[in-house]
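User: I'm new to this structure and would like a close look at a single part, the disulfides. Could you walk me through them?

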Amino acid sequence: MSSSRQRAGYVALLVCGGAVGAALAFQAGRVLEFRLAQEALRQYADTILHVAEATAAETAAAAHQFSADGMAFCSDDEIAAMRRFVYNAAFVKDIGRERDGLLYCTSGLGKLPKPLPMPEPVLSYFSAPQSAQIDIVPSQALALAPNSNGILVAMRGVTAVLNPDLYANLDNPPMHATGLARDYQHQVVIYAFGHLDPLSSREVLAQRMIEREGILYQPLCSSSRAVCIVASEARTAMLSGHRGYFISFPFTSVLLSVIGAIFGISIAASILLYFHRQRSLERRLRRAIRSRQIVCAYQPIVDLETHAIVGAEALARWTDDSGESVPPDVFIPVAEDKGFIGAVTRLILDRVFEDMGSLLANGSFHVTVNLSISDLGDPRFFEYLERGLKHNSIPPQSIGFEITERATALHGDGQAGIARLRATGHAVYLDDFGTGYSSLSYLHDLHADAIKIDRAFTCTVGTEAVTASVVPHILDMALRLKLGIVVEGIETEEQADYFRTAFPGARGQGWLFGRPVPALEFQFQLRMRAAYPKTARAMDDAAASGESDA
């Protein structure tokens, strides 16, 4: 029944992953569609602005040419010149000359028999601070073709007639455009043609896209002409897929949803696989503890003055049934998270008693064992330790315990556990010192016997790294509190010499003195160093110079 529920849970997680992935992909597609539509609206606005600029330029050219052409007013030569201009123009359809509000001639009609009154301008503006006034009549019946309308633009006595359908032809539903004249003198924009829009002059001149009541407006203003335009489109139209983008709905929305669902299921499957492996690792680790597959490797701890081995650190090693070596930083956190780290600690203690019992019995040699913070608060651990020491006739001072600085700082029962260990004769080492909560008051309250300087500080000796300047402060702190030190990660003789000189009685641990090895190999090294101390020192010097792989 439990297995069925578990499978149902797995299926539910995969379904949820697929649904979430599909929803996210669908939404991402909608956002992309909207961004593409916004860019299309900007491009449309830019196109309209270019046409408006060209129209304004051509109109200004007509005004400048015929207001100062040097020809007799409305003479045959001037009318002929106006006709040539209109013939070559793209936007101006007719040109006229006026004085005192009366039209006297046009390129299409020639010289009028009787001057015609000019219509009152609907809007007037100044295209630049010192420019002449420009008058516009957005829609006016033409004298040349009374049934047709045109846009009249008058400046300096010259009236240009623009095709009113020019911008209508550029309309691209559902996108629409509004044409505006820019009055520099008053810093406002004036409606000229196209669709009305609700934007203020300030909003148009800011030229930022604005959404209002479900419609997006993109204003643009020319940097060279007194014209602005506003392109607009409804948000609903933007998301209707009418442009034929690759990302268009509804077809592509389905495709994106499918891809998103596959991705979501993949993520969910990866999560399931991870937890399955974690559970598998947990089961394998529990089985390894029961079958006593976890063993110890021992790394020498030496007196830096004599290079004599005075102790060792016991390090857990596990090779599973398949022959794969599982690192401690993988399986130890699993045991801690799942609440059975105590079983690992007890097995390590058993290994130490079995491997090093004869060395530890006389009290002149010690082995340190790593403790979890949960061990310090577990009465069963202390009972097990006491029984093991008594059964193997090992004095408490032969077994030391290493506790990480972070663990003791984050748990209140750390201090009580340390006090109990020290009260029974065990030395307590604060491991990885300097990487967590280092302070005089903290160390004073903790009452440890020694600190282990992390390799991160050791490797900076002799360099200009920022952390190198921290090392003297750590040593000074230890001296003031009368703590011993063990320096981790010593790999060069220079590092060993530095700590030997800076801190008398310092002990060291690192590849310079030996790598972690099985118990029998460690005991052989120990006997060799005891029998040939000068040879041992020479071996360390060779390792420091790269002549040995120790």
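Analyst: Happy to help; here is a walk through the cysteines and their pairing. The model is a predicted one, in which local features need pLDDT of at least 70 and side-chain atom pairs count only at pLDDT 80 or more, while totals for chains, interfaces and linings use all residues. Residues are numbered from 1 along each chain as its sequence is written, and side-chain values use heavy atoms, with hydrogens and water left out.

A disulfide here is a pair of cysteine sulfur atoms within 2.5 Å, and by this rule there are 2 disulfides. Let's begin with cysteine 74 and cysteine 105, whose sulfur atoms sit 2.0 Å apart. The torsion about their S-S bond is about -85°, so this disulfide is left-handed. Cysteine 74 is in the loop between helix H1 (2-67) and helix H2 (76-88), and cysteine 105 is in strand E2 (residues 102-106), so the bond ties together parts 31 residues apart in sequence. Helices (H or I, at least four residues) and strands (E, at least two) are DSSP runs, numbered from the N terminus.

Now for burial: buried means under 20% relative accessible area, exposed over 50%, and partly exposed in between, using a 1.4 Å probe and protein chains only. Cysteine 74 counts as buried at 4% relative accessibility, and cysteine 105 counts as buried at 0%.

The other pair is cysteine 221 with cysteine 228, their sulfur atoms 2.1 Å apart. Here the S-S torsion is about 105°, so the disulfide is right-handed. Both of these cysteines, 221 and 228, are buried. With the bonded cysteines numbered in sequence order, the pairing reads 1-2, 3-4.

Finally, cysteine 296 is buried too, with a relative accessible area of 7%.
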